[in-house]
Amino acid sequence: MRIHPATESTELRVEVLESIQPVTSTPGACPTSSSSPDVSGDPGSPGRVQFVADGQFVEQSSAERYADRKLLLITQNLKDQLDAETVREAERKEREKKEDEKAQTEAAFAEGTPRKVGSDQKAKGEARRMRRKGLPIRNADPHAFHKQVETLPVKRKLRVYDPEALEKLRESKQISDADVRKRNAAIFKDLEPKGAWRRVETPRNLDAVLALEQTHPHFSEVIRFVADRLALAKVSRRPVGIPPMLLAGPPGVGKTHFCETLAKVLGVPVRRHPMDQAETSSALLGSEVTWGNTRVGLVFEMLAQGDYANPVVILDELDKATGFSRSADPTAVLHSLLEPVSASRVRDQSVEVELDASLITWIATSNYPWLIAPTLRSRMRAFHICMPDAEQAIRVAHAVVAAATEDAGVRMGRAPDKAFVLALAHLSAREIYQLTGSAIAQAVRQGRAVVSTKDLPAEVLGDDSGREPTKHVH
């Protein structure tokens with residue numbers, strides 16, 4: 001036997017000479033145990049056994065053979081452990097290799113370029129980051145996007161405009177403004193290779209949607225309504241959208257935050273349209289082409305210039321929409337956009353192209369729903385969102401603090417502890433988000449990688465006099 005020189009700190013590697021074979025000195029003479037073994041060196045004496053190694057005889061007593069057998073057993077156990085560790089390490093490396101190749105394939109598929117093993121590390125990293133954030137992977141190459149959509153089943157795609165209308169956009173002979181003609185030509189150049197079809201994205205399973213009840217328990221009714229529509233879409237033979245929804249509730253209950261989280265789970269783009277700043281309907285369906293500063297609307301940008309036929313549009317604070325006059329009412333076009341039949345043929349005024357917006361998921365938020373026109377309310381499924389109870393408030397606080405920490409964009413030593421979350425649980429989702437961001441900023445300024453309740457304002461924590469914590473009003 002010899003000890004392998006390359007030993008590690010916690011492992012002893014013993015290499016056994018496999019060529020050693022036990023033999024007896026004479027045929028038929030088996031060695032017998034003896035209380036006083038003969039060590040005279042006679043090959044045939046009892047208590048001795050002869051080993052042949054490289055043509056030479058080596059004699060061992062019974063005690064020596066017992067020690068050798070014990071050492072062989074320990075060596076075999078160590079060898080088995082080393083073999084198992086080697087197998088596990090090989091399996092781990094194989095899994096990592098497959099994950100890297102999968103990420104490279106997705107990144108190259110998204111970019112529309114053939115994949116090369118070991119190349120395009122930047123695209124692979126970008127694909128990983130987008131998946132981690134829950135964002136859809138966009139396609140930079142319109143030709144590749146067109147080929148990808150062609151392979152999708154009918155229920156997974158929708159033609160959002162007529163290709164002939166796009167051809168008219170290129171000509172634009174009736175338009176006298178040279179700048180508008182130049183703009184239309186640029187739009188045609190971008191859209192023509194991409195085609196008129198767009199993806200209809202749905203989650204692979206409903207568990208991710210239903211899991212939102214853990215972080216947004218006071219939105220349970222909305223979550224189940226969306227899950228039911230997605231279940232219908234899975235068994236339907238054609239695309240099925242989510243009907244328009246109205247989320248009404250007190251300020252700061254987390255309506256907008258929930259809408260953005262829902263869009264992330266659905267895997268589609270989301271656009272927030274503040275209705276309190278809208279003065280005309282041009283932001284949705286474009287401005288008149290006769291205007292010098294004409295531009296396309298939000299619907300054209302998300303459908304024609306985007307990749308998906310079912311994005312999420314948040315009509316934030318719909319009850320605060322006002323206009324200069326009745327003709328400039330910013331909510332007027334919503335009567336067509338919120339009705340699936342008429343939404344399939346809406347026209348952008350800036351480019352004069354009809355669009356199929358029937359699959360857009362419209363979610364309106366409101367503090368005072370009775371201020372919204374009854375004709376609009378009748379087109380939406382209304383949900384009243386109440387402030388969460390004590391147990392729900394803690395779960396909401398955990399989710400909002402985690403979201404605010406992630407949005408801060410800095411790497412903290414550890415996540416905010418339970419005491420920090422409980423100190424904010426009595427506040428609204430908007431206040432929790434704002435105070436968490438402020439606490440992180442204060443900790444970073446002071447060179448700390450951990451936030452605590454000391455980073456929160458005194459009025460939030462209260463004082464020894466028993467005064468109730470003061471809520472921030474926004």
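This passage looks at two helices and one surface patch in a predicted model.

A good place to start is helix α15, which runs over residues 390-408. With 19 residues at 1.5 Å a residue, α15 should span 27 Å, and its end C-alpha atoms are indeed 27 Å apart, so the expected and computed spans agree. The N-terminal end of α15 is capped by Asp 389, which places a side-chain oxygen 3.3 Å from the backbone nitrogen of Glu 391. After the helix comes Gly 409, with a positive phi near 75°.

The buried residues of α15 include several alanines, among them Ala 393, Ala 397 and Ala 399, together with the valines Val 396, Val 400 and Val 401. Thr 405 is also buried. The cover over these buried residues includes α7 (212-215), α9 (255-266), α16 (418-424) and α17 (429-445).

One of these covering elements, α9, can be followed in its own right. Helix α9 has twelve residues and reaches 17 Å from its first C-alpha to its last, close to the 16 Å expected at 1.5 Å a residue. Its buried residues include Phe 258, Leu 262 and Leu 266, as well as Lys 255 and Cys 259. Just after α9, Gly 267 takes a positive phi of about 80°.

The surface offers another feature to explore. Tyr 368, Trp 370 and Leu 371 make a nonpolar patch of about 390 Å². Leu 371 sits in the loop between β13 (361-366) and α14 (374-377). Its relative accessible area is 53%, and Leu 371 therefore counts as exposed, the cut-off being over 50%.

How values were computed:
Residues are numbered from 1 along each chain as its sequence is written. This is a predicted model: local features need pLDDT of at least 70, side-chain atom pairs count only at pLDDT 80 or more; totals for chains, interfaces and linings use all residues. Side-chain values use heavy atoms; hydrogens and water are left out. Patches are made of residues with over 30% relative accessible area and no salt bridge: like charges are joined within 9 Å, nonpolar side chains (Val, Leu, Ile, Met, Phe, Trp, Tyr) within 5 Å. Accessible areas come from the Shrake-Rupley method with a 1.4 Å probe; for residues, only the protein chains shown count as cover. A salt bridge is a side-chain nitrogen of Lys or Arg within 4 Å of a carboxyl oxygen of Asp or Glu. Helices (H or I, at least four residues) and strands (E, at least two) are DSSP runs, numbered from the N terminus. Buried means under 20% relative accessible area, exposed over 50%, partly exposed in between (1.4 Å probe, protein chains only). The expected span of a helix is 1.5 Å times one less than its number of residues. Contact means heavy atoms within 4.5 Å. A polar contact is a pair of N or O atoms within 3.5 Å; within protein, one must be able to donate a hydrogen and the other to accept it, and residues adjacent in sequence count only if both atoms are side-chain atoms.
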